[in-house]
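Subject: Structure handover

Hello,

Here is the structure for you to take over. Please open it first, then read my notes below.

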Amino acid sequence: MEKKTDNKNKIIIALAILTIVILLVGIWAFARYTSTITGSGTLSVAAWSFKVNGQSQNLTEDIDLLGTMSGVNGKVAPKHIAPGTNGSFDVSVDATGSEVAVEYSVVLSNFTNLPRNLHFYTDSAMQNEVTVSDGSFTISGYIPYDTTENAMKKTATIYWAWPYQTGTTDEEKAANDIQDTQDAGKDVTCDIAVTGWQSNPAVAE
């Protein structure tokens, strides 16, 4: 009996060894070279920079609405407007450092004591008048992306004129003279907001 048991044990051990060998051969047969190389990806987000008159937050100095004046000829007190005067003022927009094209708007609003016959324009020839609606008006501009020095700086110039007389008939001129007289001796104030935003790359200029 003991010999039979020993023989059975030997057979079981032999079968176990054979099974392990078969498994190892199978694993080796299906082995392959394989390599995994890891790394990282990067998306660079374009920079943004927008300044008005050299400032990136609130304007700490008032914009000089008079800027330049003509039509004075020693007949009007300095830094005062009156019928017959005209001039312009600048708003300096600087997008240097931005890696995108920029659009901007200049909004003048909440005028107080604005003379009724004073007009604003976007050109020095004063042909393109800006409409004042509900006490405000807006001019817009565009700055293309450009790496050239100072290329992303732009000056928005707003022109103004208060005609010496307004109207085409004597009656109109007389009525406007009365209006101009009523507008005399008052300080004109307004709020100015300059906003810049990224131009949409999907929209052709």
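A word on contacts first: two residues touch when they have heavy atoms within 4.5 Å of each other. Please also keep in mind that this is a predicted model.

**Overview**

The protein chain has 205 residues, and 25% of them count as buried. It holds 2 helices and 9 strands. Along the sequence the order is α-β-β-β-β-β-β-β-β-α-β. Take the contacts between residues at least 6 apart in sequence: 74% of these join residues at least 24 apart.

**Helix α2**

Helix α2 runs over residues 170-182. Its 13 residues should span 18 Å at 1.5 Å a residue. The end C-alpha atoms are 19 Å apart, which agrees.

Which residues of α2 are buried? They are Asn176, Gln179 and Asp180. These cover an arc of only 100° around the axis, so they sit on the same side of α2. The general rule is that an α-helix has 3.6 residues a turn, so residues three or four places apart point the same way. The buried residues of α2 pack against β8 (153-162). The face turned away from the buried side carries Asp170, Glu171, Ile178 and Thr181, which are exposed.

Look at glutamine 179, which is in helix α2. Its relative accessible area is 13%, under the 20% cut-off, so glutamine 179 is buried. Leaving out residues up to four places away in sequence, glutamine 179 touches Arg116 and Asn117.

**The nonpolar core**

The largest nonpolar core has 26 residues. Val91, Val106, Leu108, Phe120, Phe137 and Ile158 touch the most other members. Five elements are worth finding on screen: β3 (85-94), β4, β7, β8 and β9 (189-198) are the ones that give two or more residues to this core. Strand β4 gives the most, with 5 residues. In general, nonpolar side chains tend to be buried together in soluble globular proteins.

What does isoleucine 158 touch, residues up to four places away in sequence not counted? The list is Gly87, Ser88, Phe89, Val106, Leu108, Phe120, Tyr121, Phe137 and Ile139.

**Strand β7 and its partner**

Strand β7 covers residues 137-143. Its side chains alternate. Phe137, Ile139, Gly141 and Ile143 point to one face and are buried. Thr138, Ser140 and Tyr142 point to the other face and are not buried. That fits the general pattern for a regular strand, where side chains alternate between the two faces of the sheet.

Strand β4 (residues 102-112) pairs with β7 in the antiparallel sense, over 7 bridges. One link to check is valine 102, whose bridge partner in β7 is isoleucine 143.

Glycine 135 is in the loop between β6 (129-130) and β7. Its relative accessibility is 30%, so glycine 135 counts as partly exposed. Glycine 135 is in contact with Leu108, Ser109, Asn110 and Phe111, its neighbours within four places in sequence aside. Glycine 135 and leucine 108 are 27 residues apart along the chain, yet their C-alpha atoms are separated by 8.3 Å.

**Aromatic pairs**

How many aromatic pairs are there? The count is 4. In one of them, the rings of tryptophan 48 and phenylalanine 50 have centres 6.3 Å apart and planes at 15°, so this pair is stacked. Tryptophan 48 is partly exposed, at 43% relative accessibility. Phenylalanine 50 is buried, with a relative accessible area of 14%.

Phenylalanine 120 and phenylalanine 137 also pair, but this pair is tilted: 4.7 Å centre to centre, with 35° between the planes. Phenylalanine 120 lies in β5 (residues 119-121) and phenylalanine 137 in β7, so the pair ties together parts that are 17 residues apart in sequence. Both residues are buried. Ring pairs link Phe111, Phe120 and Phe137 into a cluster.

**Two loop asparagines**

Most residues other than glycine have a negative phi. Two asparagines have a positive one.

- Asparagine 73 has phi near 50°. Asparagine 73 lies in the loop between β2 (68-70) and β3, and is exposed at 67% relative accessible area.
- Asparagine 113 has phi near 60°. Asparagine 113 is in the loop between β4 and β5, and is partly exposed at 39% relative accessible area.

Over to you.

Definitions and conventions. Residues numbered from 1 in each chain as written. Predicted model: local features only at pLDDT ≥ 70, side-chain atom pairs only at ≥ 80, totals over all residues. Heavy atoms only, no water. Phe/Tyr/Trp six-rings, centres within 6.5 Å; stacked < 30°, edge-to-face > 60°. Buried < 20%, exposed > 50% of the residue type's maximum accessible area, 1.4 Å probe, protein only. Helix = DSSP H or I, 4+ residues; strand = E, 2+ residues; numbered from the N terminus. Pairing = 2+ DSSP bridges. Expected span 1.5 Å × (residues − 1). Arc of directions from axis to C-beta. Core = buried A, V, L, I, M, F, W, Y, C linked by side-chain atoms within 4.5 Å.
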